[in-house]
Amino acid sequence: MNQHPDFSSRNAADGVNVLFSHRWSPRAFKKTPIPIEIIESIFDAARWSPSCFNEQPWFFVTSSNENDFKTCLGLLNESNQLWAKNAGLIGFIFAKKTFTHSGSNNNKAKFDCGAAWMSLTLQANMHGLHTHGIGGIDYANVYTSLKISPEDYDIICGFALGEIDHPSTLPDELSTKETPSGRHPLGSIWQSGIQ
């Protein structure tokens, strides 16, 4: 009963690989286990992302068993728990605050984590899986629950990863939103030349 989303409204320019235009963030996930070798390849893809001074400031904490999953799920807002409970994996992205070589503030760390997020997302898509970034999390307790130092790391977001399911598996208020969103026209985000 897998859902194959309709991407016909996404008009990418000629030459853009469908890997980009067919990337989206579903909420309907099927509760199926993800083989460890696939999980490793997804996070290894993130490892190869570019970063300032090659710092690689990203740090991912993910569920690996049912107890971990419950802990991670509990760190999401209630509205996100409603759908993320069916994901194969829940995780969190942290950014290391300082450069290892100098100890100075790394103000590019969050930008670099975004690159790593896109890399792991596209690798997941290549395995037929999807991701959904989650901003609605318990920021007050995420550090203590996951045993991460708030002095050393900034929490970026949570995320769900797994196999897509049919929108009918979601409550009505969510199933109606379960379609790939459009994008702003290219001219609204890109200016060629100084005007």
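**A short walk around helix α5, the cores and the pockets**

Hello everyone, let me start at the end of a helix: α5 is followed by G128, whose phi is positive, near 80°. Please keep in mind that this is a predicted model.

Now for α5 itself. How far apart are its end C-alpha atoms? They are 26 Å apart, and that agrees with the 26 Å that 18 residues, 109-126, should span at 1.5 Å a residue. Many of you will want to know what α5 touches. Its buried residues include A109, D112, C113, A116 and W117, and further along the helix L120, T121, L122, A124 and N125 are buried too. The buried residues of α5 pack against two helices, α1 (18-21) and α2, and also against the strands β2 (58-62), β3, β4 (130-134) and β5.

That brings us to the nonpolar cores. The largest has 24 residues, and those with the most contacts inside it are L76, W83, I90, F92, F94, V142 and L146. Which elements each supply at least two residues of this core? They are α3, α4 (78-84), β3 (89-96), α6 (142-146) and β5 (153-164). A second, separate core has 20 residues, among them I39, I93, F159 and our α5 residue W117.

Let's pick out I90 for a moment. Leaving aside neighbours within four places in sequence, I90 is in contact with V61, T62, S63, F69, C72, L73, L76, A84 and F159.

Next, the pockets. The largest pocket holds about 470 Å³ of space. It is lined by 16 residues, and N11, A12, A13, R183 and H184 are the closest to its centre. By type, that lining divides into 8 nonpolar, 5 polar and 3 charged residues.

The second largest pocket has about 270 Å³ of space. Of its 15 lining residues, I39, S63, S64, N65 and G88 lie nearest the centre. Two elements, α2 (36-47) and α3 (66-74), give two or more residues to this lining. Here the division is 7 nonpolar, 6 polar and 2 charged. You have met two of these names already: I39 belongs to the second core, and S63 is in contact with I90.

Finally, back to phi angles. Most residues other than glycine have a negative phi. N54, not a glycine, has a positive phi of about 55°. N54 sits in the loop between α2 and β2. Is N54 buried or exposed? It is exposed, with a relative accessible area of 52%. K147 also has a positive phi, near 60°, and lies in the loop between α6 and β5. K147 is exposed as well, at 73% relative accessible area.

Thanks for listening!

Notes:
Residues numbered from 1 in each chain as written. Predicted model: local features only at pLDDT ≥ 70, side-chain atom pairs only at ≥ 80, totals over all residues. Heavy atoms only, no water. 1 Å grid on protein atoms, 1.4 Å probe; cavity = no way out; pocket = protein on both sides within 12 Å on 5 of 7 lines; lining within 4 Å. Points joined across faces, edges and corners; volume = space filled by probe spheres on them. Nonpolar A, V, L, I, M, F, W, Y, C, P; charged D, E, K, R; others polar. Helix = DSSP H or I, 4+ residues; strand = E, 2+ residues; numbered from the N terminus. Core = buried A, V, L, I, M, F, W, Y, C linked by side-chain atoms within 4.5 Å. Buried < 20%, exposed > 50% of the residue type's maximum accessible area, 1.4 Å probe, protein only. Contact = heavy atoms within 4.5 Å. Expected span 1.5 Å × (residues − 1).
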